[in-house]
Amino acid sequence: MKNAIIFGVTGQDGSHLADLLLEKNYKVIGVQRRSSNPSSQRINHLSNNGNFSLVEGDITDSHSVLNVFRGIDHVDEIYNLAAQSHVATSFKQPGLTWDITGKGCMNILQVMVEEGMFGARFYQASSSEMFGSSYSVSRDGVKYQDEDTKFLPQSPYAISKCAAHYAVRLFRQAYDLHASAGILFNHEGPRRGDNFVTKKITNWVVDFVVWLRDNLLAIEDLIYDTDYIYGKTLTQKFPKLKLGNLDAYRDWGYAGDYVNAMWLMLQQEQPDDYVICTGKTYTIREFLDGAFNYVNINNWSNFVSLDQSLYRPAEVEYLRGNCDKAKNKLGWEPKYNLDMLISLMIDSGLNDKLQNYARHI
Ligand code: NAP
Ligand code: GDD
């Protein structure tokens, strides 16, 4: 039986990766940082699985990383998914982001070397944010990013990810570590954190549909002001969806697909870096079109208001990946397109809400 350690197991990707590895009959040790309240909601369903366990640890503290490794007999695969992963937050907390997202990776690599863990394989969660404002152009004029596109990071988060990415390359060359980095484009799903744009939109749509239903309202009944939507009686009141820049392009895939690519990278004889993406790109406006159309609202303009405080000091305007290398070498392909992703997120949100609803009546 193989052993794997997941740093960042309580996050969106960590929870999907734990599911995948357990299905593959791994023993999985998840590293969870101390918090005053439980952070386990995405992995609660694994609490009775005998092959899954949690240890406390924090990647900003190399002693803590050392203790995690020393507490385990044998490790085959180490996945570093831990990060301060919110780009806007990284502008407000650049030092913390650097310590977790940049230096944290270096801490793990350095402890691996000092402990002589050369038999273990390492995965680093690199990011398409590292490309920032950079892109390549194909012969037919299409802008894209792949493994050869240069990095021009546009946020403290992206700078930290670049540092970690280069640390992986260095440790691979200098110490012959089997260390790989997946340059993953945005990936989403029902387990996505609430303050990322796709989840913020789909959560709002779900809550709005439930509010209409609870108040016996149809779209024709509604009136609007700058911040609120009202029903027939003015006491029926719902806040508008507040968003920032709607014109950025993102290449959005499904997180459940992407963790399989992480695992495939560590099954290769040689470590390497791979772009993981869908190859399609859409604006936030187009995501809004898809999400509102899914619940039969064909114009979202009355429901959304722009909030200047949600614009970032610097933006990544255009992301569209090319994952030919992953397709050819790993045999990996995305299975979800944008419509499938939107329906998955909204259906899952509605199921949760309506089940809770039923429980309370
Ligand atoms: P996420 O939901 O924000 O999860 C981040 C995880 O890191 C959480 O488990 C968090 O623990 C943990 N963590 C934070 N600080 C830590 C520390 N000091 N020590 C140990 N653990 C710590 O992120 P995600 O969406 O799953 O993404 C996984 C990784 O892929 C991240 O590195 C992210 O930057 C990268 N990435 C994500 C995407 C994407 O679109 N999702 C794309 C490219 C790259 P708590 O639960 O305690 O907060
Ligand atoms: N979060 C958020 N909230 N983003 C908004 C909002 C809002 O209210 N309004 C507009 N946006 C825009 C952002 O300005 C950005 O252009 C886009 O929506 C996507 O924002 P996020 O969903 O926060 O994701 P991200 O692209 O910044 O970062 C995610 O993907 C990276 C990979 O490219 C994160 O998962 C990163 O951790 C990851 O590395």
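Here is a short chat about ligand 1 and the second largest pocket in this predicted model.

Trainee: Which element gives the most to the shell around ligand 1?

Mentor: Start with the elements that each supply at least two residues of that shell: helix 1 (12-23), strand 5 (121-127) and helix 5 (156-175). One of them gives the most, with three residues, and that's strand 5.

Trainee: Okay, and which lysine has a side-chain N or O atom 2.8 Å from an oxygen atom of ligand 1?

Mentor: Let's set the backbone contacts aside. Leucine 81 has a backbone N or O atom 3.1 Å from a ligand 1 oxygen, and for alanine 83 the backbone distance is 3.2 Å. The side-chain contact you're after, at 2.8 Å, belongs to lysine 161.

Trainee: How much of the accessible area of ligand 1 does the protein cover?

Mentor: Picture 25 residues around the ligand, with Thr10, Asp13, Arg33, Ser85 and Tyr157 coming nearest. By class, that shell has nine nonpolar, 11 polar and five charged residues. On its own, ligand 1 has 900 Å² of accessible area, and the protein's share of cover is 90%.

Trainee: Now the second largest pocket: which helix brings the largest share of its lining?

Mentor: That pocket has a volume of about 250 Å³. Its lining has 14 residues, and closest to the centre are Lys199, Asn203, Ser348, Gly349 and Asp352. Helix 6 (197-214) and helix 10 (338-360) each supply at least two lining residues. The largest share, six residues, comes from helix 10.

Trainee: And how many of the lining residues are charged?

Mentor: Split the lining of the second largest pocket by class. Three residues are nonpolar and five are polar, while the charged ones number six.

Key
Residues are numbered from 1 along each chain as its sequence is written. Chains are lettered from A and ligands numbered from 1 in the order in which they are written. This is a predicted model: local features need pLDDT of at least 70, side-chain atom pairs count only at pLDDT 80 or more; totals for chains, interfaces and linings use all residues. Side-chain values use heavy atoms; hydrogens and water are left out. On a 1 Å grid over the protein atoms alone, a cavity is a set of points where a 1.4 Å probe fits but cannot get out, and a pocket is an open set with protein on both sides within 12 Å along at least five of seven lines; lining residues have an atom within 4 Å of a point. Grid points are joined across faces, edges and corners, and a volume is the space filled by probe spheres set on the points. Helices (H or I, at least four residues) and strands (E, at least two) are DSSP runs, numbered from the N terminus. Ala, Val, Leu, Ile, Met, Phe, Trp, Tyr, Cys and Pro count as nonpolar, Asp, Glu, Lys and Arg as charged, and the others, Gly among them, as polar. A residue is near a molecule or strand if one of its heavy atoms lies within 4 Å of it. A polar contact is a pair of N or O atoms within 3.5 Å; within protein, one must be able to donate a hydrogen and the other to accept it, and residues adjacent in sequence count only if both atoms are side-chain atoms. Accessible areas come from the Shrake-Rupley method with a 1.4 Å probe; for residues, only the protein chains shown count as cover.
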